[in-house]
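I set out to record, entry by entry, what I looked up in this structure. The coordinates are displayed below, ahead of the notes.

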Amino acid sequence: DEMARSVRWDGDWGRFKVNAVMAMDNLSNLIQGGPDGPGILIWHTGRYRASDVYFSYAAEDDILDPGSYMHFAGATSGVAEWTQDLALAVPVIMDFVGELSAVCYPPEQCDGGTGEGDTPYKVLYHLTTIGQSGIVMRQAENPWGPYGDKIPLFDCFAKQRELDELAPEAVIMMPEAGGACYGGFTHKDLWHPTPDSTGTRIQFNVSMWIPYKVLLVQTEWSE
């Protein structure tokens, strides 16, 4: 199962945040030269909401030993390169990334089952820039990328304006919130075909500042 989490690790690369973890039955099905057996895929960021995304993997027996993790270090002729040296790792997504989660959907394209043009690996993350706060999605054939363009899924500012009209007294109490949100956290069981099978119905969690509650957001998306 995929899990969304935030785990801090003070290593020789400074503060290291693990934000999304996905379990795999057999890493060698996905990663050329990877270990034969179960393991985890990891998407992680550095400085909060001001960092790119990096990708690593680890065999199941090495999960408790971050020093043994293999980090994406680029690709040559389409073949991924890996290193245990964090200083040589390169980003897979370059952006102002906050919270993030990852899924592989549809499931038949996971675990090394992709074909030409398939992009089953989806990363949802909170994007904050000047005048923008929201949840976006990017997708790729492989978990280390290359990732496509940002696809907007949720506008935090627009939702906050809607909530402000419902509870104006809260805005008076917390005027500094200004439309901030956290999210979006999702899971593969929250992804389904639309009723007409022309797209995908996606659900994910977002928490708003005003009111300070968690929302379950549903949207539909198609290529």
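The entries that follow go from the model as a whole to backbone geometry, disulfides and salt bridges.

**Entry 1. Confidence**

I noted that the model is predicted, and I began with its confidence. The pLDDT averages 82 over the protein, and 82% of the residues score at least 70. I then looked up two stretches of low confidence. Residues 1-15 have a pLDDT below 50, although the model gives this stretch 43 contacts beyond near neighbours in sequence. Residues 170-178 also fall below 50, and here I found eight contacts beyond near neighbours in sequence.

**Entry 2. Overall composition**

I counted two helices and 14 strands in the protein. Of the 223 residues, 48% are buried. Among contacts with a separation of 6 or more, 45% are between residues 24 or more positions apart. I recorded an exposed area of about 11,400 Å², of which carbon and sulfur atoms supply 52%.

**Entry 3. Cis peptide bonds**

I turned next to the backbone, bearing in mind that most peptide bonds are trans. The bond from Tyr105 to Pro106 is cis, with omega near 0°. I placed Pro106 in the loop between β7 (93-104) and β8 (121-129). A cis bond also joins Gly183 and Gly184, with omega about -10°. Gly184 belongs to strand β11, residues 181-185.

I stayed with the β7-β8 loop for a further check, since Pro107 lies there as well. Pro107 counts as exposed, at 57% relative accessibility. Its C-alpha atom is 7.9 Å from that of Pro120, and the two residues are 13 apart along the chain.

**Entry 4. Positive phi**

Which residues other than glycine did I list with a positive phi? Ser77 has a phi of about 55°, and Ser197 has one near 65°. I recorded both in view of the fact that most residues other than glycine have a negative phi. Ser77 is in the loop between β5 (70-76) and β6 (79-83). Ser197 is in the loop between β12 (191-193) and β13 (200-208). I then looked up their accessibility: Ser77 is at 77% and counts as exposed, while Ser197 is exposed at 61%.

**Entry 5. Disulfides**

How many disulfides does a search of the whole structure find? The search returned two. Cys104 is joined to Cys110 at an S to S distance of 2.1 Å. The torsion about this S-S bond is about -115°, so I entered the disulfide as left-handed. Both Cys104 and Cys110 are buried.

Cys156 is joined to Cys181, with an S to S distance of 1.8 Å. Cys156 lies in helix α1 (residues 156-166) and Cys181 in strand β11, so this disulfide ties together parts that are 25 residues apart in sequence. Cys156 and Cys181 are both buried. With the bonded cysteines numbered in sequence order, I wrote the pairing as 1-2, 3-4.

**Entry 6. Salt bridges**

I searched the whole structure for salt bridges and obtained three. Asp95 pairs with Arg138, the closest N and O atoms being 3.9 Å apart. This pair links distant parts of the chain, with Asp95 in strand β7 and Arg138 in strand β9 (residues 132-140), 43 residues apart. I found both Asp95 and Arg138 buried.

Asp95 also meets Lys150 in a salt bridge, at 3.2 Å from N to O. Lys150 lies in the loop between β9 and β10 (151-155) and Asp95 in strand β7, so the pair ties together parts that are 55 residues apart in sequence. Is Lys150 buried, partly exposed or exposed? I noted Lys150 as partly exposed, because its relative accessibility is 40%. For Asp95 the value is 12%, which means it counts as buried.

Arg201 and Glu220 form a salt bridge, at 2.5 Å from N to O. Arg201 lies in strand β13 and Glu220 in strand β14 (residues 214-221), so the pair ties together parts that are 19 residues apart in sequence. Arg201 is partly exposed at 25% relative accessibility, and Glu220 is partly exposed at 46%. As a last item I recorded that shared partners join Asp95, Arg138 and Lys150 into one salt-bridge network.

How values were computed:
Residues numbered from 1 in each chain as written. Predicted model: local features only at pLDDT ≥ 70, side-chain atom pairs only at ≥ 80, totals over all residues. Heavy atoms only, no water. pLDDT = per-residue confidence, 0-100. Contact = heavy atoms within 4.5 Å. Helix = DSSP H or I, 4+ residues; strand = E, 2+ residues; numbered from the N terminus. Buried < 20%, exposed > 50% of the residue type's maximum accessible area, 1.4 Å probe, protein only. Areas by Shrake-Rupley, 256 points an atom, 1.4 Å probe, with all protein chains shown as cover. Disulfide = S-S within 2.5 Å. Salt bridge = Lys/Arg side-chain N within 4 Å of Asp/Glu carboxyl O.
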